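Trainee: I've got a structure to go through and I'd like to quiz you on it. Can we take it piece by piece?

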Amino acid sequence: MKAKLQEIKERALAQINSVDTLEQLNDIRVAFLGKKGELTEVLKGMKDVAPEDRPMVGQIVNETRQAIEEVLENAKSELSAKAREAQMTAEVIDVTLPAKKANVGHSHPNTLALEEVKKIFIGMGYEVVEGPEVEYDYYNFEALNIPANHPAKDEQDTFYINDKIVLRTQTSSVQVHEMERGKLPLRMISPGRVYRSDEVDATHSPCFHQVEGLVIDEGITFADLKGTLAEFAKELFGPETKVKFRPHHFPFTEPSAEMDVSCFKCGGKGCRMCKGEGWIEILGCGMVHPHVFEMSGIDQDKYTGFAFGIGLERIALLKYEIDDMRLLYENDTRFLKQF
Ligand code: DAH
């Protein structure tokens, strides 16, 4: 048995000395020291050794194992060092190469315009709130005084989820949610996406953005509406900006108006920007309709309010002098990075 162990040891050492990969080394470990390895097999033969010889034989087995393990360990560190060195030379990094330019993103004109609008209203003490884009017909139409057969429903044809749920056509629906919450007085704006089944062209898109505004308090009058929106226009388009209110109709306000601003390009003389008019329409507004108050449970004897709705794209197109709305949705970075 002693001779057998000696032979195993010599054979193992010879094999270890001739390998050149870590995998091969592992194979050798398994072949000699593994559960079914040669040394283990020898140990199984211990039962045939005379009891008085067993301690001595056991010791030789241990010594053999230790010797093989030691050589295996050494070979392993040597091979790992070599492998690492090879990797280091293979993966040379040329630190003198110019760096790759990171493509940093850029705020979209809509985002920039919204930031400005928000800043102005937050400065006047308004809260910014959000409402759902998938909305009940009730909030989008009914509670805004647009009953089932109202013609305004035609103008704002939209995408129906079912006959009670739509993709909202206007952020005005958020007015109703806020009124129902019942926390008065109220001063809020609500920006967000709206949807209509419109064909895409230079001024239309089936999905666009609005910013809704609503103020409810005791003693709010049309003078508050005018003052607020005139100030908004000045801050957005410059201190020289004048405003003009034209009577209009919206089902949820009475009286209603559209607000024009004096053309910030020509100062009102008439140019390409304002199509020779000197004025540019920028929003719809009005005093909250009594029926709207009633449906949302607001006490009309105590409270009055005004509302307004701004088309965000319109502001972005005007401010950045973009003449086709489609450019806003094409995600062409050559276009976007100009702003
Ligand atoms: N929701 C209207 C629209 O989409 C815009 C609007 C007009 C909102 C007047 C208002 C308002 O709050 O008072 O055409």
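Mentor: Sure, and one definition to start: rings of Phe, Tyr and Trp (its six-membered ring) pair if their centres lie within 6.5 Å. Keep in mind that this is a predicted model.

Trainee: With that cut-off, which residues do ring pairs link into a cluster?

Mentor: A search of the whole structure turns up 10 aromatic pairs. Some of the ring pairs join up into a cluster, and its members are Phe-121, Tyr-126, Phe-232, Phe-306 and Phe-308.

Trainee: What about Phe-222 and Phe-245, how is that aromatic pair arranged?

Mentor: A pair of rings is described by the distance of the centres and the angle of the planes. For Phe-222 and Phe-245 the centres are 6.2 Å apart and the planes make 75°. Planes over 60 degrees apart get their own label, so this pair is edge-to-face.

Trainee: And how many residues apart in sequence are the parts that this pair ties together?

Mentor: Phe-222 sits in helix 9, while Phe-245 belongs to strand 7 (residues 243–250). The pair therefore ties together parts whose separation in sequence is 23 residues.

Trainee: Is Phe-245 buried or exposed?

Mentor: The cut-off for buried is under 20% relative accessible area. Its partner Phe-222, at 24%, is partly exposed. Phe-245 has 19% relative accessibility, so it counts as buried.

Trainee: On to helix 11: which of its residues are buried?

Mentor: Helix 11 spans residues 312–319 and is mostly covered, with six of its eight residues buried. The cover comes from elements including helix 5 (109–123), strand 6 (207–217) and strand 9 (279–288). The buried ones are Leu-312, Glu-313, Ile-315, Ala-316, Leu-317 and Leu-318.

Trainee: Which residue with a positive phi follows helix 11?

Mentor: Look just past the helix for a phi near 50°. That residue is Glu-321.

Trainee: Now the ligand: how much of its accessible area does the protein cover?

Mentor: Start with the polar atoms: a polar side-chain atom of Gln-210 is 2.9 Å from a ligand oxygen, and one of Gln-175 is 3.0 Å from a ligand oxygen. Ala-307 brings a backbone N or O atom to 3.1 Å from an oxygen of the ligand. On its own the ligand has 360 Å² of accessible area, and the share covered by the protein is 91%.

Trainee: Which residues come nearest to the ligand?

Mentor: Strand 6, strand 9 and strand 10 each supply at least two residues of the shell. Of the 16 residues around the ligand, those that come nearest are Gln-170, Ser-172, Arg-196, Gln-210 and Glu-212.

Trainee: Ser-173 caught my eye too. Which residues is Ser-173 in contact with, leaving aside its neighbours within four places in sequence?

Mentor: Ser-173 is found in helix 8 (residues 173–181). At 0% relative accessibility, Ser-173 counts as buried. Its contacts beyond those neighbours are Glu-135, Tyr-139, Asn-140, Leu-144 and Arg-168.

Trainee: And Glu-10, which side chain does its own side chain make a polar contact with?

Mentor: Glu-10 lies in helix 1 (residues 2–18) and is partly exposed at 49% relative accessibility. Its C-alpha is 9.7 Å from that of Thr-64, 54 residues away along the chain. The polar contact, at 2.9 Å, is with the side chain of Gln-6.

Trainee: Last one: how far apart are the C-alpha centres of domain 1 and domain 2?

Mentor: The domain assignment gives domain 1 as 2–90 and domain 2 as 109–336. The distance between their C-alpha centres is 83 Å.

Notes:
Residues are numbered from 1 along each chain as its sequence is written. This is a predicted model: local features need pLDDT of at least 70, side-chain atom pairs count only at pLDDT 80 or more; totals for chains, interfaces and linings use all residues. Side-chain values use heavy atoms; hydrogens and water are left out. Domain bounds come from an automatic or database domain assignment. Buried means under 20% relative accessible area, exposed over 50%, partly exposed in between (1.4 Å probe, protein chains only). Helices (H or I, at least four residues) and strands (E, at least two) are DSSP runs, numbered from the N terminus. Contact means heavy atoms within 4.5 Å. Rings of Phe, Tyr and Trp (its six-membered ring) pair if their centres lie within 6.5 Å; planes under 30 degrees apart count as stacked, over 60 as edge-to-face and the rest as tilted. A residue is near a molecule or strand if one of its heavy atoms lies within 4 Å of it. A polar contact is a pair of N or O atoms within 3.5 Å; within protein, one must be able to donate a hydrogen and the other to accept it, and residues adjacent in sequence count only if both atoms are side-chain atoms. Accessible areas come from the Shrake-Rupley method with a 1.4 Å probe; for residues, only the protein chains shown count as cover.
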